[in-house]
Amino acid sequence: MDYIQNIINPLYVPGFSLQKLVSRFVELLSYIFMKETLRYLAGIAGPSGYGSNATAEQVTVDCSCLLPSHLTAIITGATSGIGAETARVLAKRGVRIVLPARNLRKAAEVKDKILQESPNAKIILLEVDLSSFTSIRRFCAEFLSLGLPLNILINNAGVFSQKLEFSEEKIEMTFATNYLGHYLLTEMLLENMIETASQSSVEGRIINVSSVIHSWVKKDSFRFRQIVNPKIYNGTRAYAQSKLANVMHVKEMARQLKARNARVTINAVHPGVVKTGIVREHKSFITDSLYFIASKLLKTISQGASTTCYVALSPKTEGISGKYFADCNESNCSSLANDEHEAKKLWNQTSTLIQRRLRR
């Protein structure tokens with residue numbers, strides 16, 4: 001009660017009891033929540049002109065005539081779900097697509113589907129396991145040997161595991177795949193992106209697909225060593241920590257790119273709540289019931305891919321870097337994700353870890 005009193009005191013109005021003030025405070029929170037929920041359900045457009053109901057095709061329909069020719073995009077995790085839809089829409093807009101995949105058979109199926117709709121699409125399949133540093137290095141060497149430009153890098157792949165697993169580098173699998181793998185991939189391709197932007201005068205864009213769940217992580221539970229090798233494991237917490245790291249990666253890298261005057265931007269996106277493979281792999285009566293009740297709040301896969309496609313192609317995002325987007329508009333990430341000191345510390349710890357593992 002003392003804690004609540006300390007919060008309420010600055011707002012205290014004579015004649016109002018503590019109970020009434022708390023009641024008013026709860027009413028205010030409920031109003032804000034309902035207002036945002038109604039805005040979401042109605043798909044009300046934000047400053048970008050788009051809202052939660054916009055699809056990936058809708059947000060890029062006006063971009064195709066404005067896009068420079070011969071753009072190349074790498075999209076991880078594009079064998080299903082949001083990644084596959086992102087690849088389909090970007091290919092439809094004339095972008096050459098490189099699909100890194102652990103399962104090349106699934107990647108080939110995605111390629112075939114895209115070609116059925118866009119026969120002239122250029123799609124390249126390359127093998128990679130994002131949990132393996134060795135595999136990532138091999139992929140990057142193979143891609144760079146093709147001599148292609150790289151305009152867009154979409155770090156979309158994500159895994160969720162309810163049980164504790166480790167990568168070949170002895171790192172917790174969710175963190176290794178969702179964050180460390182994309183960190184290394186980005187580092188190894190960055191110079192190519194900067195060179196491409198310089199030679200073509202077309203801004204390079206890097207997009208980390210994160211999640212609003214990153215805001216669940218508190219500072220006292222975000223300990224690098226414990227995340228890499230947890231003693232007590234919780235799948236949801238591990239996933240949230242990896243998504244927080246994705247946003248922090250954006251914040252620190254945007255600062256570094258600006259210091260270099262590089263014509264490459266990096267942003268994070270929250271795709272929304274979409275029933276993708278990550279959820280289907282962990283079905284239960286509870287989750288199915290909740291999804292049935294909240295079905296109107298769920299996005300379709302095309303709606304889920306819209307923010308990624310918008311940030312990747314829209315002229316309205318030109319020059320914007322280090323931001324967090326949701327529903328095709330700039331949004332707010334957590335205070336921890338915005339902590340410049342913590343982002344720099346994570347960057348340094350990550351760099352040290354990867355260098356040590358690669359020297360083995």
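This passage describes the fold, the nonpolar cores, one helix pair, the cysteines and several individual residues of a predicted model.

The protein chain contains 14 helices and 8 strands. Half of the chain is interior by the accessibility criterion, with 50% of its 360 residues counted as buried. Among contacts with a sequence separation of 6 or more, 77% join residues that lie 24 or more positions apart.

In soluble globular proteins, nonpolar side chains tend to be buried together. In this model the largest nonpolar core comprises 58 residues, and Phe139, Phe143, Leu189 and Phe222 have the most contacts inside it. Two or more residues of this core are supplied by each of α6 (133-145), α7 (173-200), α8 (224-228), α9, β6 (264-270) and α14. Helix α7 provides the largest share, 12 residues. For Leu189, the contacts beyond four places in sequence are with Ile74, Phe139, Cys140, Phe143, Leu144, Leu150 and Leu153. A second core, separate from the one above, has 39 residues, including Tyr50, Ala73, Ala84 and Ala305.

Helices α9 (residues 235-259) and α14 (residues 340-358) pack against each other with their axes 9 Å apart and at an angle of about 95°. The two helices are therefore roughly perpendicular. On the α9 side, the contact is formed by Ala245, Met248, His249, Lys251, Glu252, Met253, Arg255 and Gln256. On the α14 side, Glu340, Glu342, Ala343, Lys344, Leu346 and Trp347 take part. Sorted by class, the residues of this contact are 6 nonpolar, 2 polar and 6 charged.

The structure holds 0 disulfides. For Cys309, the closest cysteine sulfur belongs to Cys328 and lies 8.7 Å away; a disulfide requires sulfur atoms within 2.5 Å, so this pair is too far apart for a bond. Cys309 has a relative accessibility of 0% and is therefore counted as buried. Cys333 is also buried, at a relative accessible area of 12%.

Val202 is located in the loop between α7 and β5 (204-209). Although placed in a loop, Val202 counts as buried, because its relative accessibility of 18% falls under the 20% limit. Apart from neighbours within four places in sequence, Val202 contacts Pro68, Leu71, Asn151, Ala197 and Arg263. The C-alpha atoms of Val202 and Val264 are 8.9 Å apart, while the two residues are separated by 62 residues in sequence.

Asn103 occupies the loop between β2 (96-101) and α5 (104-117). With a relative accessible area of 30%, Asn103 is partly exposed, because this value lies between the 20% limit for buried and the 50% limit for exposed residues. Between Asn103 and Val128 the C-alpha distance is 8.5 Å, and the sequence separation is 25 residues.

Val128 also appears among the contacts of Ser135, a residue of helix α6. When residues up to four places away in sequence are left out, Ser135 touches Val128 and Asp129. The relative accessible area of Ser135 is 8%, so this residue is buried.

Key:
Residues are numbered from 1 along each chain as its sequence is written. This is a predicted model: local features need pLDDT of at least 70, side-chain atom pairs count only at pLDDT 80 or more; totals for chains, interfaces and linings use all residues. Side-chain values use heavy atoms; hydrogens and water are left out. Axes are lines fitted to C-alpha atoms, for helices over the stretch in contact, and angles run from 0 to 180 degrees between N-to-C directions. Helices (H or I, at least four residues) and strands (E, at least two) are DSSP runs, numbered from the N terminus. Angles under 35 degrees count as roughly parallel, over 145 as roughly antiparallel, 65 to 115 as roughly perpendicular and the rest as oblique. Contact means heavy atoms within 4.5 Å. Ala, Val, Leu, Ile, Met, Phe, Trp, Tyr, Cys and Pro count as nonpolar, Asp, Glu, Lys and Arg as charged, and the others, Gly among them, as polar. Buried means under 20% relative accessible area, exposed over 50%, partly exposed in between (1.4 Å probe, protein chains only). A nonpolar core is a set of buried Ala, Val, Leu, Ile, Met, Phe, Trp, Tyr and Cys residues joined through side-chain atoms within 4.5 Å.
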